[in-house]
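Please look over the sequence and the model below before reading on. The paragraphs that follow lead from one exposed loop residue to the helices around it and then to the chain as a whole.

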Amino acid sequence: MNQDMSIVSLVLHASFVVQVVIVILLTISIASWSAIIRKLMAIKRIKELNEEFERVFWSGTSLNELFAGANQNVKLSGPMERIFASGMREYQKLRERRISDAATLLDGARRAMRASLQREMDMAESQLAFLATVGSISPYIGLFGTVWGIMHAFTGLANLQQVTLASVAPGIAEALVATAIGLFSAIPAVISYNRFAHDVDRIAIKLETFIEEFSNILQRNLGAQSTSSASGH
């Protein structure tokens with residue numbers, strides 16, 4: 001007698017616990033793929049916005065014009081533009097308080113940009129912990145389903161007087177489906193996590209480099225202003 005050994009048939013004939021495990025894993029897999037797609041789009045958007053702002057920043061546009069543009073397009077701005085706006089905002093606030101010490105001005109702007117950088121990196125790293133969790137626990141959830149299924153299969157065989165491979169195979173196959181689905185959930189999550197972690201690290205390096213470059217520009221401007229003030233006296 002031929003038995004249907006298709007995946008669907010194995011899942012339908014599996015024990016209740018194994019079916020619950022499979023449903024959990026499929027739900028996790030769907031949530032994981034949803035997170036992967038959203039993260040792909042988010043990182044692509046971050047890169048495009050950073051590159052666009054960096055191009056405008058080095059095109060010779062004045063800092064005041066860039067700051068005005070950043071304030072007008074807050075919702076559409078990227079991480080680099082928001083970090084720039086944070087630094088300029090703090091810099092101008094300190095200037096309005098009649099603070100003329102270059103070190104104080106520069107330190108204030110740098111601290112504001114560092115705080116903004118932390119906020120941006122927290123946003124960029126969102127969903128990564130979820131993908132790491134999926135990649136680490138899915139195989140174990142599947143393994144639990146497999147172990148339970150095998151125990152259930154052997155318990156059923158205890159009542160048989162003659163055990164053949166044909167009587168053992170369906171139960172074992174049903175149990176192994178849980179492990180297969182667990183791996184199906186885990187592998188894309190692990191690959192995506194590694195890829196996104198690398199992309200986020202590259203974004204962080206680029207933003208930190210921008211903070212240093214912008215700090216140097218502010219320092220040069222402050223040096224030029226102090227030189228002109230001294231020559232005026």
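**From a loop residue to the whole chain**

Arg98 has a relative accessibility of 79%, and because exposed means over 50%, this residue counts as exposed. Its place is the loop between α4 and α5, and although Arg98 is not a glycine, its phi is positive, at about 65°. The model in which these values were computed is a predicted one, a point to keep in mind throughout.

A second residue of this kind can be found further along the chain. Gln127, which lies in the loop between α5 and α6 (128–157), is likewise a residue other than glycine with a positive phi, here near 80°. Is Gln127 exposed, buried or partly exposed? Its relative accessibility is 30%, and since partly exposed covers the values between under 20% and over 50%, Gln127 counts as partly exposed.

The helix that Arg98 follows is α4, which covers residues 79–96. At 1.5 Å a residue, the 18 residues of α4 should span 26 Å, and because its end C-alpha atoms are indeed 26 Å apart, the expected and the modelled values agree. The buried residues of α4 are Pro79, Met80, Glu81, Ile83, Phe84, Ala85, Ser86, Gly87, Met88, Tyr91 and Leu94, a list that takes in the charged residue Glu81.

How do α3 and α4 pack, and at what angle? Helix α3, made of residues 63–72, packs with α4 at an angle of about 115°, and the axes of the two helices are 9 Å apart; the crossing in which α3 passes α4 is left-handed. On the side of α3 the contact is made by Leu63, Asn64, Leu66, Phe67, Gly69, Ala70 and Asn71, while α4 brings in Glu81, Phe84, Ala85, Met88, Arg89 and Gln92. Sorted by class, the residues of this contact are 7 nonpolar, 4 polar and 2 charged. Glu81, Phe84, Ala85 and Met88 thus appear in the contact and also among the buried residues of α4.

The start of α4 can be approached from another helix as well. Asn50 lies in helix α2 (residues 16–57), and at 3% relative accessibility, against a limit of under 20%, this residue counts as buried. Leaving aside neighbours within four places in sequence, Asn50 is in contact with Gly78, Pro79, Met80, Ile203 and Leu207; of these partners, Pro79 and Met80 are also listed as buried residues of α4.

Beyond the loop of Arg98 comes helix α5, which comprises residues 102–124. Its 23 residues should span 33 Å at 1.5 Å a residue, and because the end C-alpha atoms are 32 Å apart, the two values agree. The buried residues of α5 are Leu105, Leu106, Gly108, Ala109, Ala112, Met113, Ser116, Leu117, Glu120, Met121 and Ala124.

In helix α6 the residue to pick out is Ala129, whose relative accessibility of 56% means that it counts as exposed. Ala129 and Tyr193 are 64 residues apart in sequence, yet from C-alpha to C-alpha they are 8.4 Å apart in space.

It remains to set these details within the whole. The protein chain has 7 helices and 0 strands, so that its elements, read from the N terminus on, run α-α-α-α-α-α-α. Of its 233 residues, 38% count as buried, and the accessible surface comes to about 13900 Å², of which 61% belongs to carbon and sulfur atoms. Among the contacts between residues at least 6 apart in sequence, 83% join residues at least 24 apart.

Technical notes: Residues numbered from 1 in each chain as written. Predicted model: local features only at pLDDT ≥ 70, side-chain atom pairs only at ≥ 80, totals over all residues. Heavy atoms only, no water. Axes fitted to C-alpha atoms, helices over the stretch in contact; angles between N-to-C directions. Helix = DSSP H or I, 4+ residues; strand = E, 2+ residues; numbered from the N terminus. Left-handed = near helix turned anticlockwise from the far one by under 90°. Contact = heavy atoms within 4.5 Å. Buried < 20%, exposed > 50% of the residue type's maximum accessible area, 1.4 Å probe, protein only. Areas by Shrake-Rupley, 256 points an atom, 1.4 Å probe, with all protein chains shown as cover. Expected span 1.5 Å × (residues − 1).
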